[in-house]
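Me: Could you zoom in on one part of this model for me? I'd like a close look at a single spot on the outside, and then how that spot sits in the rest of the chain.

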Amino acid sequence: METPSSPLTTHVLDTASGLPARDLHLSLYRLEVEGLNQKWMELRKSHTDTDGRCPGLLEPGQMKEGIYKLSFHTEDYWRKRGQESFYPYVEVVFTVNKMQKFHVPLLLSPWSYTTYRGS
């Protein structure tokens with residue numbers, strides 16, 4: 001029996017080396033709003049696999065409409081490789097307003113990054 005896939009995935013590529021960014025730690029948050037108060041609620045801590053992917057960030061049925069944040073711990077990633085970097089974290093904030101699959105890739109170097117809505 002096939003396991004249902006996660007509605008949210010990410011893939012990180014190290015553009016300085018041209019290789020997948022393996023073992024990059026990240027955290028997923030959802031913005032919780034109660035009246036005038038807002039706070040980020042941590043949903044999961046994880047890390048990328050040997051192919052730079054983190055496929056199972058949410059269980060099927062766990063995603064709901066709202067604002068989410070993926071926080072990539074880039075300083076630790078570069079430090080382990082003996083590389084100085086400019087960004088200690090890369091935080092990608094995005095809106096989920098339809099229940100569908102979301103793929104959030106990150107192209108990363110010590111001095112820059114790019115992200116986009118993948119498929």
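Reply: Start with the nonpolar patch on the surface: W40, I67 and V93 make it up, and together they have about 240 Å² of accessible area. Keep in mind that this is a predicted model.

Take W40 from that trio. You'll find W40 in strand β4, which covers residues 37-47. Its relative accessible area is 32%, so W40 counts as partly exposed; the exposed class starts over 50%, and buried means under 20%. Patch members need over 30% relative accessible area, and W40 has 32%.

Now zoom out. Strand β4 belongs to a protein chain with 1 helix and 9 strands. Along the sequence the order runs β-β-β-β-β-β-α-β-β-β.

As for the outside as a whole, the protein chain exposes about 7,400 Å², and carbon and sulfur atoms supply 50% of that area. On the inside, buried residues make up 40% of the 119 in the chain.

The overall dimensions go like this. A box around the C-alpha atoms, taken along the principal axes, comes to roughly 45 × 45 × 20 Å. The radius of gyration is 15 Å, and a compact globule with 119 residues would have one near 14 Å, so the two agree.

Contacts round off the picture: of those with a separation of 6 or more, 62% link residues 24 or more positions apart.

Notes: Residues are numbered from 1 along each chain as its sequence is written. This is a predicted model: local features need pLDDT of at least 70, side-chain atom pairs count only at pLDDT 80 or more; totals for chains, interfaces and linings use all residues. Side-chain values use heavy atoms; hydrogens and water are left out. Patches are made of residues with over 30% relative accessible area and no salt bridge: like charges are joined within 9 Å, nonpolar side chains (Val, Leu, Ile, Met, Phe, Trp, Tyr) within 5 Å. Accessible areas come from the Shrake-Rupley method with a 1.4 Å probe; for residues, only the protein chains shown count as cover. A salt bridge is a side-chain nitrogen of Lys or Arg within 4 Å of a carboxyl oxygen of Asp or Glu. Helices (H or I, at least four residues) and strands (E, at least two) are DSSP runs, numbered from the N terminus. Buried means under 20% relative accessible area, exposed over 50%, partly exposed in between (1.4 Å probe, protein chains only). The radius of gyration is taken over C-alpha atoms; the globule rule is 2.2 Å times the number of residues to the power 0.38. Contact means heavy atoms within 4.5 Å.
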